[in-house]
Amino acid sequence: MGRTPTPVTTPESLPESLTFRSDVTVELVKSSASDADVLFAARVSTAGEQSLDELKKDPERSKGLINYLMRDRHGSPFEHNSMTFFISAPIFVFREFMRHRVGWSYNEESGRYRELEPVFYVPDASRKLVQQGRPGKYVFVEGTPAQQEAVGSTLRESYEQSYTAYQKMLAEGVAREVARAALPVGLYSSMYATCNARSLMHFLGLRTQHELAKVPSFPQREIEMVGEKMEAQWAQLMPLTYAAYNANGRVAP
């Protein structure tokens, strides 16, 4: 006798099993990052093995050196540290994120090896919906209540249909790696992302808007939300480096 198919969730009951979110989460799971890391790496040029003494000193006394390195773009001393973040965000955010390759390592959950959870992105009322202007010179403005309603209802309906199709294929014994093709990029995924301060600064320069930035950036809001959370945690680890980054126009060295 053949295998009894797993019951397929019906469209009428499916909405109760779906989760809709408008946020992202970023957790710093481990780090080896401090302002002293910048100083010992920089001073090896002139002090050799004596540069290790910087690990025992207060970095505050050498904040001028950190600012000089940032201002004149001597970047390699900012690479001798590490931060690992656990990030939960829609898949379309990760596809933008992984454009950043130098100084980054990624491991993302796999739809080949596990059944993907029905958690989907629906923007809240704070998300600007309307693009005005031409490419390279456009702005986003607030959507109307009708547009907000259209976005929410349309996305929910689409997610319900796609997840129903996904579950139907799984119930028929189709491999997860094939069935996942029915799922949209609004599905939430999770990943570990490891970087150093230099690679993070480059990321923030492109993926966040800031009044102190010398070079304007126009990031998609959802990846900017991730960047803002990463930035806040990095600022606590390396306050002198963070201050120098802002003081020098938020340009990665």
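**Exercise 1. Strand 3 and its partners**

Task: Decide how far strand 3 is enclosed, and find which strands pair with strand 3.

Solution.
- Step 1. Start with burial in this predicted model. Seven of the nine residues of strand 3 are buried, so the rest of the structure largely encloses this strand.
- Step 2. Look at one partner. Strand 2 (residues 25-32) runs antiparallel to strand 3, and seven bridges join them.
- Step 3. Look at another partner. Strand 8 also pairs with strand 3 in the antiparallel sense, over eight bridges.
- Step 4. Pick a residue and trace its partners. Phe85 in strand 3 stands opposite Leu28. In strand 8, Phe85 has Ala193 as its bridge partner.

**Exercise 2. A serine in strand 8**

Task: Is Ser190 buried or exposed, and which side chain does its own side chain meet in a polar contact?

Solution.
- Step 1. Locate the residue. Ser190 belongs to strand 8 (residues 188-195).
- Step 2. Check its accessibility. The cut-off for buried is under 20% relative accessible area. Ser190 has 14%, so Ser190 is buried.
- Step 3. Find the polar partner. The side chains of Ser190 and Glu109 are joined by a polar contact of 2.8 Å.
- Step 4. List the other surroundings. Neighbours within four places in sequence are left aside; the contacts of Ser190 then include Phe86, Ile87, Ser88 and Phe94. Asn107 and Glu108 also touch Ser190, as does Glu109.

**Exercise 3. The buried side of helix 2**

Task: Name the buried residues Ile66, Leu69 and Met70 by their helix, and work out why they lie on the same side of it.

Solution.
- Step 1. Place them. Ile66, Leu69 and Met70 are buried residues of helix 2.
- Step 2. Use the arc. They cover an arc of only 100° around the axis, so they are on the same side of helix 2.
- Step 3. Recall the general rule. An α-helix has 3.6 residues a turn, so residues three or four places apart point the same way.
- Step 4. See what lies over them. The cover of the buried residues of helix 2 includes helix 1 (35-47), helix 6 (197-207) and helix 8.

**Exercise 4. Two arginines with positive phi**

Task: Where are Arg73 and Arg250 found, and what is the phi of Arg73 and of Arg250?

Solution.
- Step 1. Take Arg73. This residue follows helix 2. Its loop runs between helix 2 (63-71) and strand 3 (82-90).
- Step 2. Read its phi. Arg73 is not a glycine, yet its phi is positive, about 60°.
- Step 3. Take Arg250. This arginine is in the segment after helix 8 (239-247). Its phi is also positive, near 55°, and again the residue is not glycine.
- Step 4. Check burial. Arg250 has 4% relative accessibility, so Arg250 counts as buried.

**Exercise 5. Rings and charges**

Task: How many aromatic pairs are there, and how are the rings of Trp234 and Tyr242 arranged?

Solution.
- Step 1. Count. There are 14 aromatic pairs.
- Step 2. Classify one. The ring centres of Trp234 and Tyr242 are 5.4 Å apart, with planes at 85°; planes over 60 degrees apart count as edge-to-face, so this pair is edge-to-face. Both Trp234 and Tyr242 are buried.
- Step 3. Find a cluster. Ring pairs link Phe20, Phe120, Tyr159, Tyr163 and Tyr166.
- Step 4. Add charges. Arg156 lies over the face of Phe20, 5.1 Å from the ring centre. Arg127 has its charged end over the ring of Phe140, at 5.7 Å from the centre.

Terms used
Residues are numbered from 1 along each chain as its sequence is written. This is a predicted model: local features need pLDDT of at least 70, side-chain atom pairs count only at pLDDT 80 or more; totals for chains, interfaces and linings use all residues. Side-chain values use heavy atoms; hydrogens and water are left out. Helices (H or I, at least four residues) and strands (E, at least two) are DSSP runs, numbered from the N terminus. Buried means under 20% relative accessible area, exposed over 50%, partly exposed in between (1.4 Å probe, protein chains only). A polar contact is a pair of N or O atoms within 3.5 Å; within protein, one must be able to donate a hydrogen and the other to accept it, and residues adjacent in sequence count only if both atoms are side-chain atoms. Contact means heavy atoms within 4.5 Å. Rings of Phe, Tyr and Trp (its six-membered ring) pair if their centres lie within 6.5 Å; planes under 30 degrees apart count as stacked, over 60 as edge-to-face and the rest as tilted. A charge sits over a ring if NZ of Lys or CZ of Arg is within 6 Å of the ring centre and within 35 degrees of the ring normal. The arc is that of the directions from the helix axis to the C-beta atoms. Two strands pair if DSSP finds at least two bridges between them.
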